[in-house]
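Okay, thanks everyone, let's get going. I'll put the structure up and then talk you through a few bits of it.

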Amino acid sequence: MTEARRPDSRPKFAARLDDWVHRYRERSAVKRGRTPGVIPYIGYGSTEWVRVLGRVLYMPSSNGTSGTDQDDTSFQPVVAQVSRVRGWRSFMSVHVPYYPVRVLIDGHPVTEVASDRGGVIDHVIPVKLAPGWHTISLQASGARSEHSVEAHSPVYVVDPEANFGLISDVDDTILNTALPKPMVAAWNSFVVDEHARTSTPGMPVLYDHLLAKHPGAPVIYLSTGAWNVAPALTRFLERNLYPIGSLLLTDWGPTTDRWFRSGKEHKTRELARLAREFPHMKWVLVGDDGQHDEELYQRFATAHPENVVAVMIRQLSVGQAVLAGGRSKARLHRSVSGVPWVYGPDGATLHKELRALGIL
């Protein structure tokens, strides 16, 4: 009986330990005079609903705002910051679980939601809106919030007539990180200055041309990265002239049923969700051949061939592939779904492949 309980008891112990450490850090944050504030993220939706994304963190209350600290927790979406930022600061923030937050859309109060165990706000709100960009305002509304300053973020409402969209991986697809190798990833995430991150050549131009041919197309950046790095990722996208889009990241740390969250499950779940939310949308899926993107995209394209225009795979260099633990074998089965696949080491090569297919 003891052996049978071990697989479940270990993750539960890790979650309890994580909760204990968080409570200690939470008390420390309160003693330093920090109060709950909201960091909003770029959302998306249809003319009938919007998906509101954000995170509640303990922030300095001395400045009277909901997030104007000097570290990565001080993030206002689509507003690039020029200060030099080390990645480790992103993971030092203290989240506020199960905290009430008021939601306003275009300045009008809509509803009140609550953060989850990791302080993440991820709620679908029924509301009728015209296609295009709107403004979401989030306000920490609990008793511990001394200030009621609203934090704003754009949300993109997809036109019902739109039938083309872009879903892009981030790490090693548009941002060179060598993510799969733990030690290299840790160095890149915790030590390297965010301004030292490099973009894959030609990818911003490729995305710009795709959107120019398909005006109004939604852009989704789907990554296995933690919400902690959302501010740095958004600044990276802005610096390198990538189109504005929603970041779909995952929480960081153990859960009640496992030691570490599964990046593959996160991507699989979000892809299936987007297929349900936009059943008539045809997506271009962009990833790399160093992780599981080929496998995940092949499964999605096989299950939803009507929702995929093409799959673009950025090929890693030999050195990058070694750091990534080798190349995926999924390309051997890429034609099963009938969806076209294109491969290339950079945006210029992928651009030529898409032109040959008539997509560009």
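I'll go through confidence, then salt bridges, then the sheet, then the cores.

First, the ground rules. This is a predicted model, so local features need pLDDT of at least 70 and side-chain atom pairs count only at pLDDT 80 or more, while totals for chains, interfaces and linings use all residues. Residues are numbered from 1 along each chain as its sequence is written, and side-chain values use heavy atoms, with hydrogens and water left out.

So, confidence. pLDDT is the predictor's confidence in each residue, from 0 to 100. The protein's mean is 79, with 69% of residues reaching 70 or more. Two stretches to be wary of: over residues 1-9, pLDDT stays under 50, and the model has one contact there beyond four places in sequence. A contact, by the way, is heavy atoms within 4.5 Å. Over residues 63-86 pLDDT also stays under 50, but for that stretch the model has 71 such contacts.

Now the salt bridges. The cut-off is a side-chain nitrogen of Lys or Arg within 4 Å of a carboxyl oxygen of Asp or Glu, and the structure holds eight. Have a look at Lys267, whose side chain meets that of Asp169 at 2.8 Å, N to O. Lys267 lies in helix 5 (residues 263-277) and Asp169 in the loop between strand 8 (164-168) and helix 2 (182-190), so the pair ties together parts that are 98 residues apart in sequence. Helices and strands here are DSSP runs, numbered from the N terminus: H or I with at least four residues, E with at least two.

Lys267 also has a salt bridge to Asp293, at 2.7 Å, N to O. That pair links distant parts of the chain too, with Asp293 in helix 6 (residues 293-303), 26 residues from Lys267. Are these residues buried or exposed? Asp293 is buried, at 1% relative accessible area, and Lys267 counts as buried at 3%. Buried means under 20% relative accessible area, exposed over 50%, partly exposed in between, with a 1.4 Å probe and protein chains only.

Staying in helix 5, Arg273 and Glu277 form a salt bridge at 2.8 Å, N to O. They're four residues apart, so about one helical turn separates them, and both are buried. There's also a network of salt bridges linking Arg51, Asp122 and Glu270.

On to the sheet. Seven strands make an open sheet, in the order 4-3-6-7-1-2-5, with mixed pairing. Pairing takes at least two DSSP bridges between two strands. The edges are strand 4 (108-114) and strand 5 (120-126), each pairing on one side only. Strand 3 (residues 100-105) and strand 6 (residues 132-140) run antiparallel, over five bridges, and Val103 has Leu138 in strand 6 as its bridge partner.

Last, the cores. A nonpolar core is a set of buried Ala, Val, Leu, Ile, Met, Phe, Trp, Tyr and Cys residues joined through side-chain atoms within 4.5 Å. The largest has 62 residues, and those with the most contacts inside it are Ile174, Tyr207, Tyr221, Leu285 and Met312. Apart from it lies another core of 22 residues, including Val94 and Ile125. As for Ile174, its contacts include Tyr207, Tyr221 and our salt-bridge friend Asp169.

Okay, that's me done. Over to you.
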